[in-house]
Amino acid sequence: QVQLVESGGGLVQAGGSLRLSCAASGRTISNYVMGWFRQAPGKEREFVAYISRSGGSINYVGSVKGRFTISRDHDKNTVTLQMNSLKPEDTAVYYCAAGRVTTIQMRHYDYWGQGTQVTVSS
């Protein structure tokens, strides 16, 4: 199995930036579709972004398009979510996930990190 550990969360003012990293161990992430999800207090977990095994297919939830960028580095066995122009509504726990299907549906992701808190102040 693959283990995932997120890092890079924190407190930032609206309009600022954060870079989240997902470090994988146990197996290479080249075998998996990689995704980011988030969960705000009182809300269900929602899809944020995914990137296919080759990197040729990328998708974002509409609310983050143009602001967030997902990327993968197979040499480092990591996935990154660069978040710019952050808004208070981006406040959530962000989770990295690995799956076998290129999809926004969380049920198709088999492995999950522990999450990292992102708080955007206004």
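Q: What makes S3 and S8 a pair of strands?
A: Six bridges join S3 and S8, in the antiparallel sense. Two strands pair if DSSP finds at least two bridges between them. Six meets that cut-off, so S3 and S8 count as paired. One such contact has Ala23 opposite Thr78 in S8.

Q: Where do the strand names come from, and what kind of model is this?
A: Strands (E, at least two residues) and helices (H or I, at least four residues) are DSSP runs, numbered from the N terminus. This is a predicted model, in which local features need pLDDT of at least 70, side-chain atom pairs count only at pLDDT 80 or more, and totals for chains, interfaces and linings use all residues. Residues are numbered from 1 along each chain as its sequence is written, and side-chain values use heavy atoms, with hydrogens and water left out.

Q: How do you know that S1 and S3 pair?
A: Strand S1 (residues 3-7) shares five bridges with S3, in the antiparallel sense. Glu6 has Cys22 as its bridge partner in S3. Leu4 has Ala24 as its bridge partner there.

Q: What makes S1 and S7 edge strands?
A: The open sheet has four strands, in the order S1-S3-S8-S7, with antiparallel pairing. S1 and S7 each pair on one side only. The twist averages 15° from one strand to the next. Such angles run from 0 to 180 degrees between N-to-C directions, with axes fitted to C-alpha atoms.

Q: How are the side chains along S3 arranged?
A: They alternate. Leu18, Leu20, Cys22 and Ala24 point to one face and are buried. Arg19, Ser21, Ala23 and Ser25 point to the other face and are not buried. Buried means under 20% relative accessible area, exposed means over 50%, and partly exposed lies in between (1.4 Å probe, protein chains only).

Q: How many aromatic pairs does the structure hold, and what makes a pair?
A: There are six. Rings of Phe, Tyr and Trp (its six-membered ring) pair if their centres lie within 6.5 Å. Planes under 30 degrees apart count as stacked, over 60 as edge-to-face, and the rest as tilted.

Q: How is the pair of Tyr32 and Tyr111 classed, and why?
A: Tyr32 and Tyr111 lie 5.8 Å apart, centre to centre, with 80° between the planes. The distance is within 6.5 Å and the angle is over 60, so the pair is edge-to-face. Tyr32 sits in the loop between S3 (18-25) and S4 (33-39), and Tyr111 in strand S10 (residues 109-112), 79 residues apart.

Q: Is Tyr32 buried or exposed?
A: Its relative accessibility is 7%. That is under 20%, so Tyr32 is buried. Tyr111 has 27%. That lies between 20% and 50%, so Tyr111 is partly exposed.

Q: Which class fits the pair of Phe37 and Trp112, and why?
A: Their centres are 5.0 Å apart, and their planes differ by 50°. That angle is neither under 30 nor over 60, so the pair is tilted. Phe37 in strand S4 and Trp112 in strand S10 are 75 residues apart. Phe37 is buried, at 1%. Trp112 is partly exposed, at 26%.

Q: Which residues do ring pairs link into a cluster?
A: The cluster holds Phe37, Phe47, Tyr50, Tyr109 and Trp112.

Q: How do you know that Arg45 lies over the face of Tyr95?
A: Arg45 is 3.8 Å from the ring centre of Tyr95. A charge sits over a ring if NZ of Lys or CZ of Arg is within 6 Å of the centre and within 35 degrees of the ring normal. Arg45 also lies over the face of Trp112, at 5.2 Å from that ring centre.

Q: What makes a nonpolar core, and which residues have the most contacts inside the largest one?
A: A nonpolar core is a set of buried Ala, Val, Leu, Ile, Met, Phe, Trp, Tyr and Cys residues joined through side-chain atoms within 4.5 Å. The largest has 35 residues. Those with the most contacts inside it are Met34, Trp36, Phe68, Leu81, Met83 and Tyr94. Elements that give two or more residues to this core include S3, S4, S9 and S11.

Q: What is notable about phi in Asn77?
A: Phi of Asn77 is near 55°, a positive value in a residue other than glycine. Asn77 lies in the loop between S7 and S8. At 15% relative accessibility, Asn77 counts as buried.
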